Amino acid sequence: MEELKPSRHATPVPSIARRLVIVTIGVVFAIHTALITIWIQPANPFRDAVGQKNLYSYINNKVFPFEQSWSVFAPTPRRGGENVKIRAYYGKPGDPDTRVTEWFDITGNEDQRIKYLVNPSRFHSATRRLGGNINSTVGQFNDKQRLIIAGALYTSPRSKLADLLKQSNTKGIAGLQALSQYLDNDEMLTRYGTMYATARWGKGVKAVEFQVGHRSVPNFTKRNQENFLDVPFTYYRVGIRKAIPGNADAQAAFDGYVPKAPKTTKDGE
Amino acid sequence: MSQPSVASRGLDLVNEWYDRFESWLLTDKRSLYGASLARILAGCSVMGILITNFRVRNLMFGQGSVWNDIAQKGNDMYWPPRLITSHLGNTAFLFYYLLVILLAFLFVLGWHTRLVGVLMLIGHISIIERIPILGDQGDNILRVGTLLLLFLHSSEYWSLDSKRRARTKAEPMGPGPGGVLAVVKNLYNSQRVLPSWFTNGLHNVVLIALGWQLIMIYFSAGWFKAQGPLWFHGTAIYYPMQLQEYKPFPFLTDAMTHVGVMVGLSTYVAMVVQIGFGFALLHPIARRIAIFCAIMFHLSIAVFMALPWFSLSMIAFDSIFVSTSTFILFDRWIRAKLRPVADLFFDVTDPIVAKLPGRSKQPSLVSRAAD
């Protein structure tokens with residue numbers, strides 16, 4: 001192979017003073033790189049030496065975060081699918097005059113949209129992500145907490161749900177973290193669901209209700225006998241939640257995306 | 001005559017390695033072709049993500065993303081979304097969105113690369129980080145890699161900056177207002193402003209930082225996998241590939257997972273390539289094999305798991321590991337192949353370009369390369 005010629009940038013080795021400037025730049029980048037290296041590796045003594053708090057504040061700085069995690073599909077790859085179904089209440093839940101829609105499978109609709117698409121929009125993962133987060137936290141809840149989240153939250157403020165879950169927490173700080181994560185996802189799902197339901201069934205949604213399902217991929221040894229799509233979902237009931245509507249622009253965005261309910265459908269069941 | 005001692009020979013070797021490293025680091029810019037290709041592919045990734053999500057832009061990043069408001073509020077790391085995009089209505093956001101796509105396109109073309117690159121990066125973050133709940137690692141590597149790329153000289157090849165640089169001459173930069181004007185002109189014409197000894201050192205230091213970042217990504221990803229029993233037993237990739245979000249072509253996935261050996265081979269190759277990537281770079285042949293495997297690995301992820309933009313970002317930054325001689329061969333090959341098409345194109349466009357004010361007729365790149 002022919003000898004490579006120097007580029008138009010080629011210079012002789014610079015003086016010591018100039019080399020010191022480059023060394024200084026090198027040290028800055030070396031420290032940065034070392035901190036990134038320590039951050040992305042599994043828990044290690046170097047991380048303890050630097051200090052978890054110091055490392056976190058550097059990686060997640062507020063100007064330009066270097067946040068990253070490469071434990072994707074590892075050590076245990078994802079092996080479960082999520083599903084979210086919704087129905088809407090037009091009127092106070094429990095009132096005899098209140099119209100309640102049929103259940104609609106949001107994730108199933110997203111599945112249809114992403115089939116044969118090599119570049120699907122990430123938005124089609126929204127309920128999968130929210131449902132997955134809810135499933136993983138509810139899986140850590142005790143029976144009493146599961147009963148609480150299945151209950152209605154219509155007249156009381158959302159803080160009531162937080163209080164009840166905290167009172168029933170039996171797992172200390174880990175339990176508090178799980179329920180904090182649950183509450184965030186519950187609120188996001190309620191906001192999402194309100195706008196989704198309004199776009200599907202029309203204005204006037206007073207409350208929404210969800211079923212969040214999970215199913216596992218059949219074991220590798222049974223891959224040619226059992227089909228993942230035939231595995232039934234196991235659902236957690238997320239109870240009735242008071243609607244949280246968005247502004248006109250936000251609703252317009254959902255109106256352009258959500259499939260409208262067929263006019264022939266009898267929603268008032 | 002006495003033989004030199006082992007210690008003396010060892011010191012000579014250290015000295016030789018030090019001189020070679022010093023020369024590599026300080027006397028020229030390295031991997032200019034790789035940096036140029038990384039620029040093009042990273043810009044394509046930004047464009048790809050934005051164009052893919054164009055129809056759902058308001059739901060994902062605009063006012064419709066209010067449903068993940070609580071995640072945005074909990075994520076106070078990013079100022080661009082808060083300052084720029086959070087207050088835009090649907091119409092204003094549409095124009096902003098198109099502007100960032102245009103910036104990414106200009107970045108691909110290498111038009112005022114550094115300035116456009118900075119604006120593109122801020123624009124991209126301001127859009128993408130509106131939806132932290134749907135973020136993924138592709139966003140992270142694209143953000144971090146593009147930041148480092150901005151310190152590299154990535155417009156040396158395949159860029160409009162390089163064409164402008166070839167067309168113009170550097171203005172002498174003296175003291176006083178004339179000097180300032182010359183600096184501005186040189187910046188505009190993509191001519192040298194800072195001394196080469198400084199930019200060479202900076203370019204190469206950042207090149208090492210980007211390279212190390214990629215090696216660590218591969219290593220830690222492989223390292224985490226090595227801890228998992230399913231990876232250990234060679235069945236791990238079967239599980240996520242059954243999920244509908246990672247199964248765009250069911251018949252392809254089913255054909256692959258039907259054969260257990262294919263699953264085992266893919267699982268082990270993925271893990272081994274990731275752990276061994278950094279070590280393989282130390283040997284020229286192993287390096288070529290590792291880069292080939294990494295590209296195939298990412299192409300497979302793109303097609304089988306519907307993650308094209310993450311894959312493209314990784315391939316973009318991996319290109320810094322490809323040697324200059326390989327790029328030169330590739331450059332010649334592609335120019336020869338494209339020559340008939342390019343000649344036809346330039347036959348049409350050259351007379352038009354020649355009539356533009358302040359332009360003299362330039363021979364086409366293809367014609368020049370062939371001369």
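This is a short conversation about reading a predicted two-chain model, with chain B as the main example.

Biologist: What should I know about the numbering and the limits of this model?

Modeller: Residues are numbered from 1 along each chain as its sequence is written, while chains are lettered from A and ligands numbered from 1 in the order in which they are written. The model is predicted, with local features needing pLDDT of at least 70 and side-chain atom pairs counting only at pLDDT 80 or more, whereas totals for chains, interfaces and linings use all residues.

Biologist: What does pLDDT tell me, and what is the average for chain B?

Modeller: pLDDT is the predictor's confidence in each residue, from 0 to 100. Chain B averages 90, and 95% of its residues score at least 70. Helices here are DSSP runs (H or I, at least four residues; strands are E, at least two), numbered from the N terminus. Among the elements of chain B, helix α2 (residues 32-52) has the highest mean pLDDT, 97, and helix α18 (residues 365-370) the lowest, 45. Over residues 364-371 of chain B the value is below 50. For the model as a whole, ipTM is 0.90 and pTM is 0.90.

Biologist: How many helices and strands does chain B have?

Modeller: Chain B has 18 helices and zero strands. Its C-alpha trace spans about 85 × 65 × 50 Å along the principal axes. Domain bounds come from an automatic or database domain assignment, and for chain B they give domain 1 (22-322) and domain 2 (326-370). The centres of these two domains of chain B, taken over C-alpha atoms, are 28 Å apart.

Biologist: How is "buried" decided, and which helix of chain B is mostly covered?

Modeller: A residue is buried if 20 or more other C-beta atoms lie within 10 Å of its own, exposed if 12 or fewer, and partly exposed in between, with C-beta atoms placed from the backbone. Of the 371 residues in chain B, 41% are buried. Helix α16 (residues 308-318) of chain B is mostly covered, with 11 of its 11 residues buried; among them are B:Trp309, B:Phe310 and B:Asp318. The buried residues of α16(B) pack against α2, α8 (137-151), α11 and α15 (284-304) of chain B.

Biologist: Why does B:Arg39 count as buried?

Modeller: B:Arg39 lies in helix α2 of chain B, and it counts as buried because it has 29 C-beta neighbours inside 10 Å. Two residues are in contact if their C-beta atoms, placed from the backbone, lie within 7 Å. Beyond its neighbours within four places in sequence, B:Arg39 has contacts including B:Phe107, B:Thr113 and B:Leu149. B:Arg39 and B:Leu149 are 110 residues apart in sequence, yet 7.2 Å apart in space, C-alpha to C-alpha.

Biologist: What is the span of helix α17 of chain B, end to end?

Modeller: The expected span of a helix is 1.5 Å times one less than its number of residues. Helix α17 (residues 324-355) of chain B has 32 residues, but its end C-alpha atoms are only 36 Å apart, short of the 46 Å for a straight helix. A bend is the angle between axes fitted to the seven residues ending at a residue and the seven starting there. In α17(B), a kink of about 60 degrees lies at B:Arg339, shortly before B:Pro340. This helix, α17(B), is hardly covered, with zero buried residues.

Biologist: Finally, how many residues does each chain bring to the contact?

Modeller: Chain B brings 76 residues and chain A 77. Helix α11 (residues 196-226) of chain B gives the largest share of the chain B side, 18 residues.
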